[in-house]
Amino acid sequence: MGVLDEAFIQAPEHRPKNHLKNADDYILSKEIPTIDLSSLQDPNCDKTALTTEIAEACMRWGFFQVTNHGLSLDLKRRVEKTMADFFSLPLEEKRRVKRDEVNPMGYHDGEHTKNVRDWKEIFDFFLQDSTTVPATTVPEDTELRKLTNPWPQNPSDFREVCQEYAREVEKLAFKLLELISISLGLPGDRFTGYFEDQTSFLRFNRYPPCPNPELALGVGRHTDAGVITVLAQDNVGGLQVSRRSDGQWISVKPNPDAFIINIGNCMQVWTNDKYWSAEHRVVVNTSKERFSMPFFLFPSHEVNIEPLEEFISEDNPPRYKKYNWGKFFAARNRSDYKKLQSESIQIDHFKAAA
């Protein structure tokens with residue numbers, strides 16, 4: 001990744017105006033809310049204040065950070081070291097577990113967002129090994145296939161550490177899902193049934209120093225397709241969120257001890273646009289590599305996504321047409337591997353006619 005190929009160059013209107021010349025050279029924002037979860041340690045705590053904060057963050061930003069979340073920081077440090085050790089391996093060894101259009105899990109260094117190549121390398125693995133997904137994107141085709149994770153031989157503890165971390169971050173994700181449900185005025189378990197055979201996965205991102213950060217992006221502008229994302233990141237800045245009020249890109253100050261939570265497309269559809277799935281992107285710099293670890297909470301392939309009846313009325317009709325999650329996942333995943341001749345599938349394709 002030492003030379004900036006034209007495949008990485010963003011269209012002029014999407015280039016980062018406040019790119020990072022150096023890793024510490026960016027505008028910090030305190031606007032993204034930080035929510036303290038320490039009160040949850042008391043099983044008898046009143047969650048009203050907490051869920052009120054979450055509701056405000058989900059409506060205004062679609063993003064918030066959580067502190068005192070209960071996930072072991074020692075475990076987080078261990079998985080960060082394992083991730084860095086893997087990415088430091090020779091390219092030939094990493095490519096032994098390279099993903100493809102048949103199995104979307106594993107290593108990849110050529111992912112595209114909106115048909116522009118991202119300045120990064122990644123490793124993906126399913127939470128559930130194996131995971132059931134549709135065999136094709138054809139709506140009428142009911143054939144399924146089971147996918148397993150291709151684990152590298154090095155580092156020797158890679159699989160063990162990854163699976164331990166995955167179990168713990170899943171617990172945090174469902175704790176947050178319960179709070180989000182309560183914040184909507186729903187029972188805490190309102191969404192639980194959608195995850196009996198979940199398709200959730202975890203990702204390791206490495207963003208190398210970039211010779212022309214004013215032209216490229218670590219990840220181009222996008223919204224997350226799933227329900228919620230639980231993101232761990234290091235102390236090197238790069239994440240930017242599009243502010244709902246005016247679309248301005250706001251840099252999120254990194255806090256390695258916190259997790260960043262954002263609302264995905266499924267939750268936006270379920271709430272009929274009450275909660276916001278914000279566009280975000282990653283800017284890069286010329287001096288430091290950056291690492292991050294998102295966990296994408298995804299429902300079962302069988303789940304159909306549509307506005308919930310609790311958020312539909314005569315004055316507020318459904319704003320989205322129903323779609324099947326498994327088929328959406330399959331179509332979205334295939335668009336990550338190469339530049340396409342048409343736009344990859346987006347949530348806007350399912351908007352109901354006005």
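Two strands are said to pair if DSSP finds at least two bridges between them. With that in mind, the sheets of this predicted model can be read strand by strand, and a small one makes a friendly starting point. Strand β12, residues 239-242, is joined to β13 by three bridges, and the two run antiparallel. Within this pair, Val-241 faces Ile-250 of β13. Both strands belong to an open sheet of four, ordered β10-β15-β12-β13, with antiparallel pairing. At its edges are β10 (219-222) and β13 (249-251), each of which pairs on one side only. On average, neighbouring strands of this sheet are turned by 20 degrees against each other, direction ignored.

A second open sheet contains eight strands, in the order β1-β2-β14-β11-β16-β9-β6-β3, and here the pairing is mixed. Its edges are formed by β1 (34-36) and β3 (106-108); each has a single partner strand, so one side of each is left without a neighbour in the sheet. The average turn between neighbouring strands of the eight-stranded sheet is 25 degrees, direction ignored. At the β3 edge, three bridges connect β3 with strand β6 (residues 121-126) in an antiparallel arrangement, and Gly-106 is found opposite Asp-124 in β6.

Two helices can be placed against this sheet. Helix α1, residues 48-60, packs on the sheet and touches β1, β2 (63-67) and β14 (259-263), with its direction at about 165 degrees to that of β1. Helix α2, residues 73-87, lies across β3, β6, β9, β11 (228-233), β14 and β16, and runs at about 115 degrees to β16.

Strand β16 deserves a visit of its own. How many of its residues are buried? Eight of its eight residues are, so the strand is mostly covered, buried here meaning under 20% relative accessible area. Burial applies to both faces: Arg-290, Ser-292, Pro-294 and Phe-296 are buried on one side, while Phe-291, Met-293, Phe-295 and Leu-297 are buried on the other. In the sheet, β16 pairs with β9 in the antiparallel sense over five bridges, and Phe-201 stands opposite Phe-296 of β16. The pairing of β16 with β11 is also antiparallel and spans six bridges, with Gln-233 opposite Ser-292.

The facing residues Phe-201 and Phe-296 also lead into the aromatic contacts, since the structure holds 24 aromatic pairs. The ring centres of Phe-201 and Phe-296 are 4.9 Å apart and their planes meet at 35 degrees, so this pair is tilted. The pair links distant parts of the chain, with Phe-201 in strand β9 (residues 201-207) and Phe-296 in strand β16 (residues 290-297), 95 residues apart. Phe-201 counts as buried because its relative accessibility is 8%, and Phe-296 is likewise buried, with a relative accessible area of 11%. Phe-296 also forms a tilted aromatic pair with Phe-298, at 6.1 Å centre to centre and 35 degrees between the planes. Phe-298, like Phe-296, is buried. Elsewhere among the aromatic residues, one cluster is formed by Phe-86, Phe-87, Tyr-107, Phe-123, Phe-125, Trp-151, Phe-158, Phe-204 and Phe-291.

Phe-204 of that cluster appears again in the largest nonpolar core. Which of the 74 residues in this core touch the most other members? They are Tyr-165, Phe-191, Phe-204, Phe-259, Met-267 and Trp-270. Helix α4, residues 158-183, supplies the largest share of the core, with 12 residues. For Met-267, the residues touched are Leu-177, Ile-180, Leu-184, Phe-191, Gly-226, Val-227 and Tyr-275, leaving aside residues up to four places away in sequence.

The cysteines complete the tour. A disulfide is a covalent bond between the sulfur atoms of two cysteines. The structure holds zero disulfides. Cys-266 is in no disulfide, and the nearest cysteine sulfur, belonging to Cys-58, is 14 Å away. Cys-266 is buried, with a relative accessible area of 0%. Cys-162 counts as buried too, at 0% relative accessibility.

How values were computed: Residues numbered from 1 in each chain as written. Predicted model: local features only at pLDDT ≥ 70, side-chain atom pairs only at ≥ 80, totals over all residues. Heavy atoms only, no water. Axes fitted to C-alpha atoms, helices over the stretch in contact; angles between N-to-C directions. Phe/Tyr/Trp six-rings, centres within 6.5 Å; stacked < 30°, edge-to-face > 60°. Buried < 20%, exposed > 50% of the residue type's maximum accessible area, 1.4 Å probe, protein only. Contact = heavy atoms within 4.5 Å. Disulfide = S-S within 2.5 Å. Core = buried A, V, L, I, M, F, W, Y, C linked by side-chain atoms within 4.5 Å.
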